[in-house]
Amino acid sequence: FTPSPLKGKKILVTAGPTKEALDPIRFLSNHSSGKMGYAIAEAARRAGAIVTLVTGASLESPSGIKTVHVRSARDMYDEVLKHYEEADAVIKAAAVADYRPETISSSKIKKTDGQLTVTMVRNPDILLELGKMKKNQLLVGFAAETDHLEENALKKLEKKHLDLLVANHASDGFGNDTNKITLYFSSGKKQAFERMPKKRVAEKICDALAGLFEMSGN
Ligand code: C5P
């Protein structure tokens with residue numbers, strides 16, 4: 001038994017949704033609450049890690065954790081890159097918007113009797129980019145899917161050069177205080193868990209990460 005299995009490790013955690021502005025008043029976003037990412041940041045801290053949390057959620061900042069608030073996916077990307085080189089691991093629990101409105105209107109969009117068409121363009125895939133730039137960092141990604149969970153999880157693990165992927169059914173995790181997850185490791189190992197409070201899920205993810213650090217000899 002090691003009381004501080006992540007002692008001294010620099011861990012970057014992202015949490016919450018991103019918000020993609022349409023005009024000065026409105027944005028497009030998703031239902032991510034940030035609870036899972038915050039629980040992971042706190043569990044990593046309890047396990048001895050030095051944690052930086054980059055978040056799009058407006059939950060209270062956890063104590064003892066450097067917390068940076070961001071809005072859009074591009075803001076999150078910039079902030080994550082600032083901390084990437086020195087990080088020992090990145091856990092990307094954030095639900096990053098894949099698309100943003102092509103233009104942000106500088107004044108409020110007024111309603112008319114007709115339809116409003118908004119062109120959306122792709123955001124950077126932060127985790128994919130981290131995977132391409134990866135040196136010694138361990139990368140942990142999340143997959144929230146409504147269909148073909150395992151197939152998509154395995155694809156993501158490979159495509160994004162991840163060490164560990166946490167898969168949960170989209171209807172299971174969002175906004176709840178519990179989550180039911182399966183861990184997929186790059187080694188091919190798979191570990192399924194019962195439904196648990198997010199605090200316990202976070203501890204399982206940190207345990208898995210500690211195991212990966214041990215195996216990598218770092
Ligand atoms: O491909 P998908 O979006 O389902 O992958 C989810 C994982 O990728 C999550 O860990 C999420 O934080 C990350 N991601 C990202 N940037 C995006 C989209 C997803 O970092 N634009």
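Two strands pair if DSSP finds at least two bridges between them. Helices (H or I, at least four residues) and strands (E, at least two) are themselves DSSP runs, numbered from the N terminus. Residue numbers start from 1 along each chain, following the sequence as written. The model is predicted, so local features need pLDDT of at least 70 and side-chain atom pairs count only at pLDDT 80 or more, while totals for chains, interfaces and linings use all residues.

**Exercise 1. Trace the parallel pairings that involve E9, E6, E1, E4 and E5.**

Step 1. Start at E9: four bridges join E6 to E9, and the two run parallel. To find the register, look at Ala89, whose bridge partner in E9 is Leu138.

Step 2. Move on from E6 (residues 89-92). E1 and E6 are parallel too, with four bridges, and Leu12 sits opposite Val90 in E6.

Step 3. Now take E1 (residues 10-15), which pairs with E4 in the parallel sense over six bridges. Here Ile11 faces Val51 in E4.

Step 4. Finish with E4 and E5 (residues 66-69): parallel again, over four bridges. Leu53 has Thr67 as its bridge partner in E5.

**Exercise 2. Work out how well E6 and E4 are covered.**

Step 1. Get the yardstick straight. A residue is buried if 20 or more other C-beta atoms lie within 10 Å of its own, exposed if 12 or fewer, and partly exposed in between, with C-beta atoms placed from the backbone.

Step 2. Recall that side chains in a regular strand alternate between the two faces of the sheet.

Step 3. Apply this to E6. Ala89 and Ile91 are buried on one side, Val90 and Lys92 on the other, so both faces are covered.

Step 4. Then check E4 (residues 50-55): five of its six residues are buried, which leaves the strand mostly covered.

**Exercise 3. Describe the largest nonpolar core and place Ile11 in it.**

Step 1. Define the object: a nonpolar core is a set of buried Ala, Val, Leu, Ile, Met, Phe, Trp, Tyr and Cys residues joined through C-beta atoms within 7 Å.

Step 2. Count: the largest one has 54 residues, and Ile11, Val13, Ile40, Ala44 and Val140 have the most contacts inside it. Helix H1 (residues 35-46) supplies the largest share, seven residues.

Step 3. Zoom in on Ile11. Two residues are in contact if their C-beta atoms, placed from the backbone, lie within 7 Å. Skipping residues up to four places away in sequence, Ile11 touches Leu6, Ala44, Ala49, Val51, Ala87, Asp88, Ala89 and Ile91.

**Exercise 4. Characterise the shell around the ligand.**

Step 1. Set the cut-off: a residue is near a molecule if its C-beta atom, placed from the backbone, lies within 6 Å of it.

Step 2. List the nearest. Of the 13 residues around the ligand, those are Lys92, Val96, Ile126, Leu127 and Gly141.

Step 3. Assign elements. Helix H3 (126-133) and strand E9 (138-145) each give two or more residues to the shell, and E9 gives the most, with three.

Step 4. Sort by class. Ala, Val, Leu, Ile, Met, Phe, Trp, Tyr, Cys and Pro count as nonpolar, Asp, Glu, Lys and Arg as charged, and the others, Gly among them, as polar. That gives seven nonpolar, two polar and four charged residues in the shell.

**Exercise 5. Compare the settings of two histidines with positive phi.**

Step 1. Keep the background in mind: most residues other than glycine have a negative phi.

Step 2. Take His148, with phi near 50°. His148 lies in the loop between E9 and helix H4 (149-159), and 9 C-beta neighbours inside 10 Å make it exposed.

Step 3. Take His161, where phi is about 55°. His161 belongs to the loop between H4 and strand E10 (164-169), and its 16 C-beta neighbours inside 10 Å make it partly exposed.

**Exercise 6. Sum up the chain as a whole.**

Step 1. Count the elements: six helices and 14 strands.

Step 2. Test the size. The radius of gyration, taken over C-alpha atoms, is compared with the globule rule, 2.2 Å times the number of residues to the power 0.38. The chain comes out at 18 Å, close to the 17 Å the rule gives for 218 residues, so it is as compact as a globular protein of that length.

Step 3. Add burial: 38% of the 218 residues count as buried.
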